[in-house]
Amino acid sequence: MQGGDEHRTMDKLIIRGGRRLHGEVAISGAKNAALPELCAALLTAEPVRFSNVPRLQDVSTTLKLLRNMGAVAERSESRPDEVTIDAGPVSSPEAPYDLVKTMRASILVLGPLLARFGEATVSLPGGCAIGSRPVDQHIKGLQAMGAQISVEHGYIIAKAPKASGGLRGARITTDMVTVTGTENLLMAATLADGETVLENAAQEPEIPDLAEMLISMGAKIEGHGSSKIRIQGVAQLHAPRGGHRVVPDRIEAGTFLCAVAAAGGEVLLKHARADHLDAVIDKLREAGVRIEAGSDWIRVASDGKLKAVGFRTSEYPAFPTDMQAQFMALDCIAEGTARVTETIFENRFMHVDELVRLGAKIEVDGHTAIVTGVPQLSGATVMATDLRASASLVIAGLVASGETLVDRIYHLDRGYDQMETKLRALGADIERVK
């Protein structure tokens with residue numbers, strides 16, 4: 001979905017279930033790596049070239065946000081996965097509400113703007129229905145680095161004037177593991193004066209990918225990928241020689257693994273990292289799915305006869321909350337009963353009511369859903385409520401008898417690069433209608 005095409009917000013997907021999936025599919029770059037990395041281009045005045053950037057609504061919004069500040073941000077015509085950002089001409093270190101409201105990740109400009117320009121005005125984010133994700137950890141960390149921050153009229157106003165020394169290194173322990181918080185503080189610390197230590201840092205694969213990009217720009221970072229990251233501030237950063245290639249999207253890969261597991265068939269996932277999906281792959285094998293993997297591919301085969309598998313979401317490397325809905329769709333048609341416990345977000349069971357419309361048997365008790373497998377789901381009209389919920393409805397539609405209509409798929413377009421095109425190439429009967 002390109003450039004905020006409003007008419008596409010009303011698109012729907014029609015799925016006629018019952019077809020097995022066969023062939024191969026290329027996994028796109030990770031949304032959750034691309035967004036912070038595009039924002040990291042603000043840390044240098046030199047043009048930064050990216051490859052393997054997914055074509056998603058959130059990426060388009062980020063490019064629009066960067067342009068709004070004065071950056072030149074362009075996607076290549078001939079190679080749509082290539083993006084170049086030149087933040088040299090940035091004149092206005094501000095992220096306005098009308099752009100930030102559609103996407104929570106906009107908060108990721110706060111650290112880089114403050115580090116390079118000594119000031120930033122960023123709207124408090126909106127953009128997601130799955131619970132409050134507090135930005136107070138970002139603010140607390142930047143304050144520890146010497147920033148003066150106030151929140152006025154819905155905006156975070158941050159100052160760390162270069163004249164009075166700018167940001168300074170600090171030891172920061174966040175109250176909770178926060179991915180965007182870790183990324184924001186990591187980016188800010190690269191240009192701070194002295195050493196910053198981030199304790200209780202998030203360990204998701206997208207963070208080492210961001211750190212490697214920053215290192216290729218001249219940053220001094222160690223411990224990324226662990227819960228303790230050390231950053232020695234440097235005076236300036238430059239564009240990475242040869243550009244930066246975004247790491248493959250582990251959640252997109254996991255979603256396709258679940259789709260093949262549920263629908264049956266055999267598919268090769270190209271450009272996929274199995275080592276980023278250990279917890280999900282273990283659970284799929286437990287369910288009776290056959291999986292082989294190499295360094296950049298995963299092959300999945302299933303006869304569609306699955307055993308119910310319970311799981312509990314938690315921070316990486318445990319089972320990811322972003323795969324909970326998709327795996328639940330698979331448990332809906334598996335033999336037996338599974339307990340699914342969500343520990344990360346408070347209202348992340350909104351897909352349950354929609355799955356029940358398709359004939360699933362699910363009871364929710366607080367943070368736990370009890371899923372009892374049924375022999376067959378049946379098609380109905382359902383509505384996507386958030387990004388991963390919409391993926392679970394697509395998976396359920398692939399196995400339901402008759403026709404499933406998934407409404408509000410603009411949620412899907414925020415995080416999946418041409419999902420219906422990829423599924424159709426594997427043999428699914430799926431089409432997008434206006």
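In this predicted model, Asp-322 counts as buried, since its relative accessible area comes to just 17%, and the cut-off for buried is under 20%. As for where that puts the residue along the chain, Asp-322 sits in a loop, the one running between β18 (311-312) and α10 (324-331).

The surroundings of Asp-322 are drawn from several parts of the sequence. With neighbours within four places in sequence set aside, the residues in contact with Asp-322 are Asn-32, Ile-251, Arg-348 and Arg-388. One of these, Arg-348, also pairs up through its side chain: a polar contact of 2.9 Å links it to the side chain of Asp-322.

Zooming out to the whole chain, the secondary structure adds up to 14 helices and 24 strands. The radius of gyration is 22 Å, close to the 22 Å that the globule rule gives for 434 residues, so the chain is as compact as a globular protein of that length. Measured out along the principal axes, the C-alpha atoms fill a box of roughly 70 × 45 × 40 Å.

Burial and contacts round out the picture. Asp-322 is buried, and 57% of the 434 residues of the chain count as buried too. Looking at contacts between residues at least 6 apart in sequence, 74% join residues at least 24 apart.

As for the surface, the chain exposes about 16,500 Å², with carbon and sulfur atoms supplying 47% of that area. On the charge side, there are 47 positive and 55 negative charges, and their mean positions lie 1 Å apart.

Key
Residues are numbered from 1 along each chain as its sequence is written. This is a predicted model: local features need pLDDT of at least 70, side-chain atom pairs count only at pLDDT 80 or more; totals for chains, interfaces and linings use all residues. Side-chain values use heavy atoms; hydrogens and water are left out. Helices (H or I, at least four residues) and strands (E, at least two) are DSSP runs, numbered from the N terminus. Buried means under 20% relative accessible area, exposed over 50%, partly exposed in between (1.4 Å probe, protein chains only). A polar contact is a pair of N or O atoms within 3.5 Å; within protein, one must be able to donate a hydrogen and the other to accept it, and residues adjacent in sequence count only if both atoms are side-chain atoms. Contact means heavy atoms within 4.5 Å. The radius of gyration is taken over C-alpha atoms; the globule rule is 2.2 Å times the number of residues to the power 0.38. Accessible areas come from the Shrake-Rupley method with a 1.4 Å probe; for residues, only the protein chains shown count as cover. Lys and Arg count as positive and Asp and Glu as negative; His and the chain ends are not counted. The place of a charge is taken as NZ of Lys, CZ of Arg, CG of Asp or CD of Glu.
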